[in-house]
Amino acid sequence: MNGLDRENLIKNLNSIHKQGVAYFHKASDLLDGESWSSDPWGKVDREEFWNKLDSKLQKKAKSIISKIISIAPLISESARLTTYLSKTDQIDLGHAIKGLRSSFLLSRYRYWGPEVLHDEGDVLGVTPAGQADDEGILPSDALLIFEECYRRIIDVVELVNPLTVEIAEKNILTTGQKSSAIHPDTAFIMMWMDPRKAELEDVYMTIKRCFTNFGISAERADDIEHSGKITEEIINKIRTSEFLYADLTGARPNVYYEVGFAHALSKKVILYRVDA
């Protein structure tokens with residue numbers, strides 16, 4: 001990734017596009033006339049078409065996916081630093097990158113937001129948000145998805161200022177971040193942690209369940225697996241989580257710092273406090 005400016009980033013994406021189109025055409029030729037099985041609802045298993053490819057084509061697909069993953073952090077960080085690209089744009093970018101990857105594996109990536117269920121004005125419940133990559137698709141269908149996702153990604157890159165790409169790369173190299181993209185359906189909880197106070201754990205589990213009910217994966221600092229400094233991991237979670245929740249009970253300085261950092265990133269935080 002070192003030394004990529006916006007022009008070279010676009011060239012890399014165009015190269016991926018060219019290789020991708022060739023891959024899907026070869027996959028279509030290979031699977032032409034092949035039969036496949038599906039469940040009673042017509043859904044094809046995720047691995048059905050992928051397993052019918054020869055090892056050479058599978059290797060080619062994995063090689064292209066590696067190229068996508070190698071430049072995805074720079075694209076995501078550049079989008080984050082672009083003031084006129086909203087958080088919604090960043091989330092959509094993440095979905096497009098995931099969709100692009102899945103298309104090479106001949107599977108369909110899909111996602112959905114929470115849906116409120118109504119009956120004559122009464123709220124019956126909420127269907128949580130989610131995402132899946134569990135349906136196999138023909139190369140011809142995968143090509144259409146690939147083209148759509150590619151266009152969504154290239155549209156974002158073309159909106160980014162060239163200088164922003166340089167700053168984004170420096171940020172990634174300086175912080176060692178793998179990605180600063182907003183991760184859809186994730187939440188980071190900032191709160192007082194003290195193993196001697198069981199009530200704090202009860203509060204945490206209640207908050208976490210609330211997020212889970214809406215299909216959102218929530219965690220706090222002690223859930224993070226890390227090999228480096230925990231502070232850097234927390235900072236990255238604040239950058240990349242779609243939702244931020246802060247319990248200000250106990251007036252903990254670290255929680256105030258984390259909320260301040262989130263505000264500096266122009267991210268909204270759900271604030272909560274129990275008065276003593």
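**Notes on the predicted model**

1. Let's begin at the surface. Val116, Val126 and Phe214 come together there as a nonpolar patch, and their accessible area adds up to about 220 Å². Val126 belongs to strand S3, which covers residues 122–127. With a relative accessible area of 34%, Val126 is partly exposed. Please keep in mind as you read on that this is a predicted model.

2. Now to the inside. In soluble globular proteins, nonpolar side chains tend to be buried together. Here the largest nonpolar core has 46 residues, and Tyr23, Phe104 and Ile153 are the ones with the most contacts inside it. Five helices each give two or more residues to this core: H1 (6–31), H2 (55–81), H3 (87–104), H4 (139–159) and H5 (162–175). Another core lies apart from it, with 15 residues that include Ile235, Ile238, Ala246 and Val269.

3. Phe104 is a good residue to click on in your viewer. Which residues does Phe104 touch, leaving out those up to four places away in sequence? The list is Gly20, Tyr23, Phe24, Trp50, Ala61, Ile64, Ile65, Ile68 and Phe146. Phe104 is also part of one aromatic cluster, together with Tyr23, Phe24, Phe146 and Tyr150. Tyr23, Phe24 and Phe146 therefore turn up twice, as contacts of Phe104 and as members of the cluster with Phe104.

4. The aromatic pairs come to 10 in the structure. One of them is Phe211 with Tyr245, an edge-to-face pair with 6.4 Å from centre to centre and 90° between the planes. Phe211 sits in helix H6 and Tyr245 in strand S7 (residues 241–247), so this pair ties together parts that are 34 residues apart in sequence. Both rings belong to buried residues: Phe211 has a relative accessibility of 9%, and Tyr245 has 12%.

5. On to charges: the structure holds 16 salt bridges. Glu77 pairs with Arg80, and their closest N and O atoms are 2.8 Å apart. The two share helix H2 and are 3 residues apart, about one turn of the helix. Are these partners buried or exposed? Glu77 is buried, at 0% relative accessible area. Arg80 also counts as buried, at 17%, because the cut-off for buried is under 20%.

6. A salt bridge in helix H4 makes a useful companion to that one. Asp155 bridges to Arg151, with 3.1 Å between the closest N and O atoms. Again the spacing is about one turn of the helix, with the two residues 4 apart in H4. Here the partners are partly exposed, Asp155 at 35% relative accessible area and Arg151 at 39%.

7. The bridge between Glu201 and Arg220 has its closest N and O atoms 2.6 Å apart. This pair links distant parts of the chain, since Glu201 is in helix H6 (residues 198–213) and Arg220 is in strand S6 (residues 217–220), 19 residues apart. The two ends have their own surroundings: Glu201 counts as partly exposed at 36% relative accessibility, whereas Arg220 is buried at 4%. Elsewhere, salt bridges with shared partners join Arg46, Glu47, Arg101 and Asp133 into one network.

8. Last, two backbone spots to look at. Most residues other than glycine have a negative phi, and most peptide bonds are trans. What is the phi of Leu106? The value is near 55°, which is positive although the residue is not glycine. Leu106 lies in the loop between H3 and strand S1 (107–112), and at 0% relative accessibility it counts as buried.

9. Ala251 is the other one, with a positive phi near 50° in a residue other than glycine. Where is Ala251 found? Its place is the loop between S7 and helix H8 (253–264). Unlike buried Leu106, Ala251 is partly exposed, with a relative accessible area of 44%.

Note on methods:
Residues are numbered from 1 along each chain as its sequence is written. This is a predicted model: local features need pLDDT of at least 70, side-chain atom pairs count only at pLDDT 80 or more; totals for chains, interfaces and linings use all residues. Side-chain values use heavy atoms; hydrogens and water are left out. A nonpolar core is a set of buried Ala, Val, Leu, Ile, Met, Phe, Trp, Tyr and Cys residues joined through side-chain atoms within 4.5 Å. Buried means under 20% relative accessible area, exposed over 50%, partly exposed in between (1.4 Å probe, protein chains only). Contact means heavy atoms within 4.5 Å. Patches are made of residues with over 30% relative accessible area and no salt bridge: like charges are joined within 9 Å, nonpolar side chains (Val, Leu, Ile, Met, Phe, Trp, Tyr) within 5 Å. Accessible areas come from the Shrake-Rupley method with a 1.4 Å probe; for residues, only the protein chains shown count as cover. A salt bridge is a side-chain nitrogen of Lys or Arg within 4 Å of a carboxyl oxygen of Asp or Glu. Rings of Phe, Tyr and Trp (its six-membered ring) pair if their centres lie within 6.5 Å; planes under 30 degrees apart count as stacked, over 60 as edge-to-face and the rest as tilted.
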